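Morning, everyone. I have one structure to show, and I will keep to its sheet, its helices and its pocket.

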Amino acid sequence: MTYCVGFRVKDGLVMMADTRTNAGVDNISTYRKLRLHGNDGKRIIAIASAGSLSTTQGAMQRLQQGVLNPETDKPETLDSVPTIYAAALAAGRAVRAARDGMESLEQESISFDATLLVGGSIGGEPVRLFLVYPQGNVIECQPDTPYLQIGENKYGKPILDRALQYDTELYEAMKIGLISFDSTMRSNLAVGLPIDLVVVRDRQATAELVHRIGPDDAYFHDLSERWSTALAHARAEIPQPPYK
């Protein structure tokens, strides 16, 4: 299990992903699920993944080697796709090919589904954010709901619905995202630190921030404690129900 979230707000893009791949009393491992491609001033493509690691790795290998575009009958890589939309479509074809290659294993009741978030900017285009489904189809993040989630999303969703708007400032959106992660981690041991994050300003092809929040991160611990205290105060200030 994992938790990944992406925000497409007015000022740009924020993407965040945890790194936990297994959770148990004595079985916890980490794996980077937020990958950054380009970041060279010409193109920046951020890909976050949830689901089967083998499917994700297979899809990433296909994207490096080239995925056939049926419309042009030519292979595409992350270095050659002309837009972020094209990158999302190529990622969808790669996920579907990797998943279809494991059909015999799925007959053994093993799921090899994987979902991706693909965001960024190529050639000065506005930043965009897409969700790629295991079947290869994609949807785009829109101003009415300026976030997309994959993985264990139910615990972090309420704070996003209440606090996040398209006009939310970029680093305020990051803060809201970290509160969403803290809420998820409180309720599900399958999501945990470190958290990888990337911030990209609109129409920029270089990340403004690439950062990993580890177990000893002072800000994240302070944020968690402040949020718990604020919730306790808010609860105490609400009158008790009048029903007797």
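I will start with the sheet, add the helices, and finish with the pocket. Keep in mind that this is a predicted model.

The sheet is open and has five strands, in the order β5-β6-β9-β10-β11, and the pairing is antiparallel. At its edges are β5, residues 34-38, and β11, residues 138-140; each has a single partner strand, so one side of each is left without a neighbour in the sheet. From one strand to the next, the twist averages 20°.

Now the β5 end. β5 and β6 run antiparallel and are joined by five bridges. To give one pair, histidine 37 has isoleucine 45 in β6 as its bridge partner.

Next, the helices. α1 packs on the sheet and touches β5, β6 and β9, with its direction at about 155° to that of β6. α2, residues 84-100, also packs on the sheet; its contacts are with β6, β9, β10 and β11, and its direction makes about 155° with that of β9.

That leaves the pocket. How much space lies in the largest pocket? About 270 Å³. Its lining consists of 17 residues, and those nearest the centre are Met1, Thr2, Ala50, Gly51 and Ser52. Which elements each supply at least two residues of that lining? They are β3 (20-22), β6 (43-51), α1 (53-65) and β9 (114-122). So much for position; by class, the lining has nine polar, five nonpolar and three charged residues.

To tie this back to the sheet: β6, β9 and α1 each contribute to the pocket lining, and α1 touches both of those strands. That is what I have; questions are welcome.

Definitions and conventions
Residues are numbered from 1 along each chain as its sequence is written. This is a predicted model: local features need pLDDT of at least 70, side-chain atom pairs count only at pLDDT 80 or more; totals for chains, interfaces and linings use all residues. Side-chain values use heavy atoms; hydrogens and water are left out. On a 1 Å grid over the protein atoms alone, a cavity is a set of points where a 1.4 Å probe fits but cannot get out, and a pocket is an open set with protein on both sides within 12 Å along at least five of seven lines; lining residues have an atom within 4 Å of a point. Grid points are joined across faces, edges and corners, and a volume is the space filled by probe spheres set on the points. Helices (H or I, at least four residues) and strands (E, at least two) are DSSP runs, numbered from the N terminus. Ala, Val, Leu, Ile, Met, Phe, Trp, Tyr, Cys and Pro count as nonpolar, Asp, Glu, Lys and Arg as charged, and the others, Gly among them, as polar. Two strands pair if DSSP finds at least two bridges between them. Axes are lines fitted to C-alpha atoms, for helices over the stretch in contact, and angles run from 0 to 180 degrees between N-to-C directions. Contact means heavy atoms within 4.5 Å.
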